[in-house]
Amino acid sequence: MNVKVLCLLFLLPICIHAECTCEEDSGNLNKSNKTQALIFKLIAIASILVAGALGVCIPLFGKMFKSFSTESDFFLLVKFFAAGVILATGFVHVFPDANESLENPCLGDTAWGDFPLANFVAMLAAVTVMMVETMVTSYYNNRKVEAVNGDEEKQEDQMHVHTHSENGHAHGSLEVRNNKIISVVLEIGIITHSVIIGISLGVSVHPETIKPLIIALSFHQMFEGMGLGSCITEAKFKGWKVATMLILFSLTTPIGIAIGIGISNIYDDNSHLALILQGIFNALSAGILIYMALVDLLAMDFMKSKVQKSFKLQFRAFISILLGLGSMSLLAKWA
């Protein structure tokens, strides 16, 4: 009996420590150095801004060098690496955050109970992107076919030559248009979760939490920027559109941090509304990123004739993907 009592007394502090209170820890809050935390946040804004801009610019300005040409093997391997980064971002970074928010004990009894809401939202996001891409591509495809058929009726005497040139032009235009759709949807997915991670860093008042995030999120933005920059390069956007997409990507996380700094005194990341919104938006981002990485990036590039004909290039592509997956997964330890 005495042994049981001793065991109970021994385990009681552990049980109490493990209990979720969902209340702000005023003791820890008083100990945190808000001034020092603000300094680290400002450093994070500058570091992440530079890293993101550098990452997205590498493929864009790489066309000035032959090895960075969109037709080169090196550029293709960079795309495979970047696709691995984006895939790992969806699976290892964003998806767990979505589940953590929507399954947080602080929500108490929720309407969805044990239903895997984050997985369901991510699935809907992926399917929605697929349907939108299909409809938009089909729309432009049909318009192009109608235009070609109309020209053929007007110029029957030059039908063979004209049809051949129009079909070639139509194929090239369709590929560029698909790349534009992919770039826009990918940027939307990246921007959505970039705002969330920026706000999460901005509201933190603990320097020891912020310091490792500076390096981790800087690499995070640089790798994601390389993936987005590769897609933008192949989409052949006009100069002002490229600049707009580059600026939007580069500024999103720093703006999120600035918002977080502004609301840090009133923001409660354990409130029901904050947890649900974070969970839903992260789940949407995860679904978009996973779909884009697997379908629009990896599958499309592996189907290219130069990859299909070369086992050596396939092997190098596999290595590039694994390096992208591995590097981003490693960062999940800190961010």
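Begin the tour by selecting Lys-306, a residue that is partly exposed, with a relative accessible area of 30%. Keep in mind throughout that the structure on your screen is a predicted model.

**First stop: Lys-306 and its partner**

With Lys-306 still selected, add Asp-73 to the selection, and you will find that the two form a salt bridge whose closest N and O atoms are 2.9 Å apart. Asp-73 lies in helix 4 and Lys-306 in helix 10, which covers residues 305-308, so this pair ties together parts that are 233 residues apart in sequence. Asp-73, like its partner, is not fully covered: this residue is partly exposed, with a relative accessible area of 30%.

**Second stop: a network of charges**

Next, select Lys-79 and Glu-234, whose side chains meet in a salt bridge at 2.6 Å from N to O. Lys-79 belongs to helix 4 and Glu-234 to helix 7, so the pair ties together parts that are 155 residues apart in sequence. Are these two residues, Lys-79 and Glu-234, buried or exposed? Both of them are buried, and for Glu-234 the relative accessible area is 14%. Since the cut-off for a buried residue is under 20%, Glu-234 with its 14% counts as buried.

Leave Glu-234 selected and add Lys-304, because the side chains of these two residues also meet in a salt bridge, here with 3.4 Å between N and O, and Lys-304 lies in the loop between helix 9 and helix 10 while Glu-234 sits in helix 7. This second pair ties together parts that are 70 residues apart in sequence. Lys-304 is partly exposed, with a relative accessible area of 25%. Now add Asp-301 as well, and you have the whole network, in which salt bridges that share partners join Lys-79, Glu-234, Asp-301 and Lys-304. Taken as a whole, the structure holds 5 salt bridges.

**Third stop: the whole fold**

Clear the selection and colour the protein by secondary structure, which comes to 11 helices and 0 strands. Following the chain from the N terminus, you will therefore pass the elements in the order α-α-α-α-α-α-α-α-α-α-α. Of the 335 residues in the protein, 43% are buried. If you consider the contacts with a separation of 6 or more, residues 24 or more positions apart account for 87% of them. On the outside, the protein exposes about 18,600 Å², and carbon and sulfur atoms supply 67% of this area.

**Fourth stop: the nonpolar core**

In soluble globular proteins, nonpolar side chains tend to be buried together. To look inside this model, select Phe-80, Leu-186, Leu-228, Ile-232, Met-292, Leu-298 and Phe-302, which are the residues with the most contacts inside the largest nonpolar core, a set of 49 residues. Several helices each supply at least two residues of this core, among them helix 3 (34-61), helix 4 (73-102), helix 6 (159-203) and helix 7 (207-235). Which helix gives the most to this core? The answer is helix 9, with 11 residues.

Keep Met-292 selected and show what surrounds this residue: not counting residues up to four places away in sequence, Met-292 touches Val-129, Glu-133, Ile-182, Val-185, Leu-186 and Leu-297.

**Fifth stop: Leu-60**

Move now to Leu-60, which is found in helix 3 and is buried, with a relative accessible area of 10%. Add Thr-233, and you will see that the C-alpha atoms of the two residues are separated by 5.6 Å, although Leu-60 and Thr-233 are 173 residues apart along the chain. Leaving aside the neighbours within four places in sequence, Leu-60 is in contact with Gly-229, Ile-232, Thr-233, Val-242 and Leu-246.

**Sixth stop: two cysteines**

Select Cys-57, which is buried with a relative accessible area of 16%, and then Cys-231, which counts as buried at 4% relative accessibility. A disulfide is a covalent bond between the sulfur atoms of two cysteines. How many disulfides does the structure hold? The count is 0.

**Last stop: a patch on the surface**

Finish on the outside by showing the surface and selecting Phe-115, Phe-120, Met-123, Leu-124, Val-127, Met-130, Met-131, Val-132 and Met-135, which make a nonpolar surface patch of about 790 Å². Within this group, choose Met-131, which lies in helix 5, residues 117-154. Met-131 is partly exposed, with a relative accessible area of 41%.

Definitions and conventions:
Residues are numbered from 1 along each chain as its sequence is written. This is a predicted model: local features need pLDDT of at least 70, side-chain atom pairs count only at pLDDT 80 or more; totals for chains, interfaces and linings use all residues. Side-chain values use heavy atoms; hydrogens and water are left out. Patches are made of residues with over 30% relative accessible area and no salt bridge: like charges are joined within 9 Å, nonpolar side chains (Val, Leu, Ile, Met, Phe, Trp, Tyr) within 5 Å. Accessible areas come from the Shrake-Rupley method with a 1.4 Å probe; for residues, only the protein chains shown count as cover. A salt bridge is a side-chain nitrogen of Lys or Arg within 4 Å of a carboxyl oxygen of Asp or Glu. Helices (H or I, at least four residues) and strands (E, at least two) are DSSP runs, numbered from the N terminus. Buried means under 20% relative accessible area, exposed over 50%, partly exposed in between (1.4 Å probe, protein chains only). Contact means heavy atoms within 4.5 Å. A disulfide is a pair of cysteine sulfur atoms within 2.5 Å. A nonpolar core is a set of buried Ala, Val, Leu, Ile, Met, Phe, Trp, Tyr and Cys residues joined through side-chain atoms within 4.5 Å.
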